[in-house]
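Student: I should like to understand how the terms used to describe a protein model are justified. May we go through them one by one?

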Amino acid sequence: MAATEPVYEVELSCAVNGEPVHVRVDTRESLLDLLRERLGVTGAKKGCDHGQCGACTVHLDGRRVVSCLTPAVQAAGADVTTVEGVAGPDGELHPLQQAFIDHDALQCGYCTPGQIMSGLACLAEGHAGDDDEVREYMSGNLCRCGAYAGIVAAVRAVAEQQGR
Amino acid sequence: MRPFAYTTAGTAVEAVAALAAAGPGARLLAGGTTLYDLMKLEIETPPAVVDVHRVADLAGFDTSGERELVFGAGARMADVAEDGRLRRDYPALTESLWRAASQQLRNMATLGGNLLQRTRCPYFRGGEPFACNKRRPGSGCAAQEGLDRSHALFGGSDDCIAVYPGDWATALVAFDAEVDVLGPGGARSLPLARLHREPGDTPQLEHTLEPGELITRIRVPVTPAGRGSAYLKIRDRESYAFALVSAAVALTVDGDGRVGECRIAVGGVATRPWRVPAAEQALRGQPVSDASARAAGEAAFAGARPGRHNAFKIELGTRTVADAVRVAAGRAVR
């Protein structure tokens, strides 16, 4: 392999909530920091910044990941979906967002964007069959207010609406 | 985080070439769930990384073979955990995957990367001012006189008692898995049981791969004991935590109710994936019963060397092995 200059910055193209993004990123930059600090997409939250709390959960090509442990360069060519991309075009809440309100599934709300993104994936994966399965497959999202009972109820309610 | 040079590879051959070109200290980046995390803490400070997360020829896996199961090192933990054939015929393997981490992390993390996941010892991850021979050779081991609740009962040394944290490798070692690697010198294979090193007086050396080598595949010989297998994991909370103790058990039960083939390994308690032949020997040929399951658990932990805060794991581990034996025997085809 021919010797090449070391690369510390990369031209990145991806889509965030359907909008094309072209940006130059430092190789150290996390997808979470890119979203929040550079693109102004602040729905995903920084909790622990070490993959332990789930507050930064987004979808990368339709799969839930923690954006704090995703180097931004790994989003090249990918579709990124954050909580901002969940509601309908006229602002109508997604059924899971409405279910979080109906089932009192939040208190302070800091973990909620991550809970919503994780809950949507939990439903899409088919892991919302009963309360125990929801607890297991939502265990990567911590809620320090302790709204877990409401979160489980909200995810299960949407699963039943969807006939899962 | 320290600056690092970044390259990507599209194939395993490209990855090995790029790693060689990137120079000393360069690291492979796959799911990033360990390496990128430790780079944020500046515990890992590679000058360069080669990104292999999209290497297509490592991504697949095949559980339909008549002689062996083949897993590409780049396959995602979440995808393999969902495999229907594996869930039915090797439940211990799928349980070791879905009981690890969170679904977000399992969507990111690869099978190969998971094998070389680094320890969760808080003195290793904590950085300065804590002494850690693994992080800074010769600095000492703060765990020896410190909080050793999460540390090893087996395979430790005066220089290091950090636990190997993985579940997948603990299950794989019970099944005599093999690992294929590719390096500058070509391809080779080794038993998974020889991939990880005990710390001895060089705890900074955790595996037997040569510099520049890449894990390409993991292979598991087909066995009827797969059907009668279980991976039990006891944690401080019900889900999403590292094991206090775990047990992988795989066995067959013959016509008169006695254990035939028998494979047992324990996790969360040793410095590397830890097979326990004494427990296998204790159970083989015995009728399946609470007493024989308990005896296997006691044999597994007979040589334990606890520190100050982790002696509770001996009884906990004994019971975990015994429970895993009962679950595995209940699943076994008779």
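Student: What makes contacts between distant positions count in chain A, and what share do they have?

Tutor: Two residues are in contact if their C-beta atoms, placed from the backbone, lie within 7 Å. Among the contacts in chain A with a separation of 6 or more, 57% join residues 24 or more positions apart. Please note that this is a predicted model, in which local features need pLDDT of at least 70 and side-chain atom pairs count only at pLDDT 80 or more, while totals for chains, interfaces and linings use all residues. Residues are numbered from 1 along each chain as its sequence is written, and chains are lettered from A and ligands numbered from 1 in the order in which they are written.

Student: How do you know that the radius of gyration of chain A agrees with that of a compact globule?

Tutor: The radius is taken over C-alpha atoms, and the globule rule is 2.2 Å times the number of residues to the power 0.38. For 164 residues the rule gives a value near 15 Å; chain A has 17 Å, and therefore the two agree. Along the principal axes, the C-alpha atoms of chain A fill a box of roughly 55 × 35 × 30 Å.

Student: Which elements does chain A have, and what makes a run of residues a helix or a strand?

Tutor: Helices (H or I, at least four residues) and strands (E, at least two) are DSSP runs, numbered from the N terminus. By this rule chain A has 5 helices and 5 strands. Their order from the N terminus is β-β-α-β-β-β-α-α-α-α.

Student: Why are β1 and β2 of chain A called paired?

Tutor: Two strands pair if DSSP finds at least two bridges between them. Strands β1 (residues 9-16) and β2 (residues 19-26) of chain A are joined by 8 bridges and run antiparallel, so the condition is met. One of the bridge partners is His22(A) in β2(A), which stands opposite Ser13(A). The two strands form a hairpin with 2 residues between them, and Asn17(A) in the turn has a positive phi of about 50°.

Student: What makes β1(A) and β5(A) a pair as well?

Tutor: Strand β5 (residues 79-81) of chain A shares 2 bridges with β1(A), in the parallel sense. The rule asks for at least two, so these strands pair. In β5(A), Val80(A) stands opposite Val16(A). Strands of a sheet pair through backbone hydrogen bonds, either parallel or antiparallel.

Student: Which residues of helix α1 of chain A are called buried, and why?

Tutor: A residue is buried if 20 or more other C-beta atoms lie within 10 Å of its own, exposed if 12 or fewer, and partly exposed in between, with C-beta atoms placed from the backbone. In helix α1 (residues 31-38) of chain A, Leu31(A), Leu32(A), Leu34(A) and Leu35(A) are buried, so each of them reaches that count. These buried residues pack against β1 and β2 of chain A. After α1(A) comes Gly40(A), with a positive phi near 70°. Over the whole of chain A, buried residues make up 46% of the 164 residues.

Student: How do you know where the domains of chain A begin and end?

Tutor: Domain bounds come from an automatic or database domain assignment. Chain A is divided into domain 1 (9-85) and domain 2 (95-161). Their C-alpha centres lie 21 Å apart. The contact takes 13 residues from domain 1 of chain A and 11 residues from domain 2 of chain A.

Student: What makes β1 and β2 of chain B edge strands?

Tutor: The open sheet has the order β1-β3-β2 in chain B, with parallel pairing. Each of β1 and β2 (27-29) of chain B pairs on one side only, and they are the edge strands. β2(B) and β3(B) are joined by 3 bridges and run parallel. Among the bridge partners are Arg27(B) and, in β3(B), Val49(B).

Student: How many residues of each chain are in contact with the other?

Tutor: 25 residues of chain B are in contact with 27 residues of chain A. The largest share of the chain B side, 5 residues, comes from α6(B).
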